[in-house]
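Biologist: Give me a close look at one single part of this model, please, and follow it through to whatever it touches.

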Amino acid sequence: MSRAISLSRVAAMVQRYWYLLRSSWPRLLDLVYWPAVQMLMWGFLQLYLAQNAGFFARAGGTFIGAVLLWDILFRGQLGFSLSFLEEMWSRNVGNLMISPLRPIELVLALMTMSVIRLAISTIPVALLAIAFFGFNLFGLGLALAAFFVNLLLTSWSVGIFVSGLVLRNGLGAENMAWSIMFIFLPLTCVYYPVAVLPHWLQHISWLLPPTYVFEGMRALLIDHVFRADLMLEALGLNAVFFVGAAAAFMGLLKSARRSGALMQGGE
Amino acid sequence: MSAPPAIAVDRLVKRYKQTTAVAGISFALAPGTITALLGGNGAGKTTTIAMLLGLVEPTAGSVHVLGAAMPRERYRVLHRVNFESPYVEMPRRLTVRQNLKVFGRLYGVPDIPARIAALAAELDLGELLDRETGKLSSGQRTRVALAKALINEPEVLLLDEPTASLDPDTADWIRGHLDRYRTARNATVLLASHNMVEVERLCERVIIMRRGAIVDDDAPPALLARYGRDSLEEVFLDVARGQGETREVAQ
């Protein structure tokens, strides 16, 4: 029996989540609904401020850019965690854990689904931003790719950690999947510069990879400078986050095997 | 020289904090046999099966399935093993065909459409294949779960209450199917059940558990003779109520 990762098993899991997603149009609509509402709200607020304050007139698009990038971070994690929660809700975890599917293959499938769900939710909303506010996220070019990769890596790390928690503690930990990312909202300075934070909190903020992305976005939109140094620092921190999350997941899975949590099917 | 056992359990212990779920049991199952694991609620049957599958890590002792130490070497053999239980479900919003297709791919089944067609014919699932799994009756879902358990034609099949929610006719038909499958594939079957008719009909050996320990282990006729009873149900009641003589099983 080969010890290698089986792409066929990864594809089987992606196929399973795709069947689930396409079987329900309300779920598909829900993927687009909230990001669109949020983008419109922040977009109109930015329009209003731009008409009344000189700085915001120069800083065109920072709020819309921030909300679109925040959605990549938030929806990326949610896309990962919700696909995993589907297994818990349908009490299918036992079937998966006794099958030849390896944890790394499950994680790869969840990462793939996170990208698919993200594409479904982000692309229409980014197009709406062009139509309503003339803000073209895709116009950021290579910078967008750097922002996207860094945010996605953080979202996967958080998703992997939350999935481990749910595996070990059952659906009692489900709320973590919905709420854990919101601590990143004030700390990673999505809508304001890091300098706004108290000095001691700035140190914590700079420990989080998305902070570098949102600072980089403001540097690009306000000063028209692409800060590659910030992106590289974010990438380094993301590597640490990802390895830490993967180690935590494996530890929590081992603990679930010891405590009998896998037998209980998520209850 | 006899074939190595398909399942070998040696001084297996599982403790959860203060509770001992399995208290040092040992047994070996020869290939091609059907054995029942019998016992009341909390006897340790499900925990034993979970340890055989690598779902639960033993506190002490060892489990070997098809020669692989569980759970450490589980990926060597999991593609040759399968399991069915009413307590583990399949995604309800997927159709039966979609579910079987996904599990077929997970188990590396070579020709999945042909395997699904064969299972549909064997288990009378033809009309259910394109219906959502969650919209089936509990009896139909049990048949689908059995199809999932047989998708990879396992050499070791573990069953937890395989006919729990079936009407007597369907249950009897499923038992016949399991027996034919065992014979055709020389598969080793271990089933946990409360249904004594099922056990008497299917199993050539019965392992009786109580409070995590094995209290008896023999062929059904030998058990009936030893307890002086006419049916396994009476034997079960004797053991469950602690009225029977507790026997240390020779290892």
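**Helix H12 of chain A and its surroundings**

Modeller: Let's start at the end of the part I'd pick: H12(A) is followed by A:Gly260, whose phi is positive, near 85 degrees. Bear in mind that this is a predicted model, where local features need pLDDT of at least 70, side-chain atom pairs count only at pLDDT 80 or more, and totals for chains, interfaces and linings use all residues. Residues are numbered from 1 along each chain as its sequence is written, while chains are lettered from A and ligands numbered from 1 in the order in which they are written.

Now for the helix itself. H12(A) covers residues 228-259 (a helix here is a DSSP run of H or I of at least four residues, a strand a run of E of at least two, numbered from the N terminus). It has 32 residues, and its first and last C-alpha atoms lie 46 Å apart, close to the 46 Å expected at 1.5 Å a residue (the expected span being 1.5 Å times one less than the number of residues).

Which residues of H12(A) are buried? They are A:Leu230, A:Met231, A:Ala234, A:Leu237, A:Asn238, A:Phe241, A:Ala245, A:Phe249, A:Leu252, A:Ala256 and A:Arg257. Buried means 20 or more other C-beta atoms, placed from the backbone, within 10 Å of its own; exposed means 12 or fewer, and partly exposed is in between. So A:Asn238 and A:Arg257 are on that list along with A:Phe241 and A:Phe249. What do these residues pack against? Helices H7 and H11 of chain A.

Those two partners also pack on each other. The axes of H7(A), residues 142-169, and H11(A), residues 209-222, come within 9 Å and cross at roughly 160 degrees (axes are lines fitted to C-alpha atoms, for helices over the stretch in contact, with angles from 0 to 180 degrees between N-to-C directions). That makes the pair roughly antiparallel (over 145 degrees; roughly parallel is under 35). On the H7(A) side the contact is made by A:Ala143, A:Phe147, A:Asn150, A:Leu151 and A:Thr154, and on the H11(A) side by A:Pro209, A:Pro210, A:Val213, A:Gly216, A:Met217 and A:Leu220. Contact means C-beta atoms within 7 Å. The classes come out at 8 nonpolar, 3 polar and no charged residues (Ala, Val, Leu, Ile, Met, Phe, Trp, Tyr, Cys and Pro are nonpolar, Asp, Glu, Lys and Arg charged, the others, Gly among them, polar).

Follow H7(A) one step further and you get to H4(A), residues 62-89, with axes that come within 8 Å and cross at roughly 30 degrees. H4(A) and H7(A) are therefore roughly parallel to each other. From H4(A), A:Leu69, A:Ile72, A:Leu73, A:Gly76, A:Gln77, A:Phe80, A:Ser81, A:Phe84, A:Leu85 and A:Met88 take part. They meet A:Phe147, A:Phe148, A:Leu151, A:Leu152, A:Thr154, A:Ser155, A:Trp156, A:Val158, A:Gly159, A:Val162, A:Ser163 and A:Val166 of H7(A). No charged residue takes part here; the count is 15 nonpolar and 7 polar. Notice that A:Phe147, A:Leu151 and A:Thr154 turn up in the contacts of H7(A) with H11(A) and with H4(A).

Back to H12(A), which has a role in the chain contact too. In all, 26 residues of chain A are in contact with 29 residues of chain B. The elements of chain A giving two or more residues to that side are H1 (7-22), H5 (93-97) and our H12. The largest share, 7 residues, comes from H1(A). The whole chain A side splits into 10 nonpolar, 10 polar and 6 charged residues.

What does H1(A) pack on across there? Helix H3(B), residues 96-106, at about 165 degrees and with the axes 8 Å apart. That makes H1(A) roughly antiparallel to H3(B). From H1(A) come A:Ser8, A:Arg9, A:Ala12, A:Gln15, A:Arg16 and A:Tyr19, which meet B:Gln98, B:Val102, B:Arg105 and B:Leu106 of H3(B). This contact has 4 nonpolar, 3 polar and 3 charged residues, whereas no charged residue takes part in the contact of H7(A) with H11(A).

Note on methods: Angles under 35 degrees count as roughly parallel, over 145 as roughly antiparallel, 65 to 115 as roughly perpendicular and the rest as oblique. Two residues are in contact if their C-beta atoms, placed from the backbone, lie within 7 Å.
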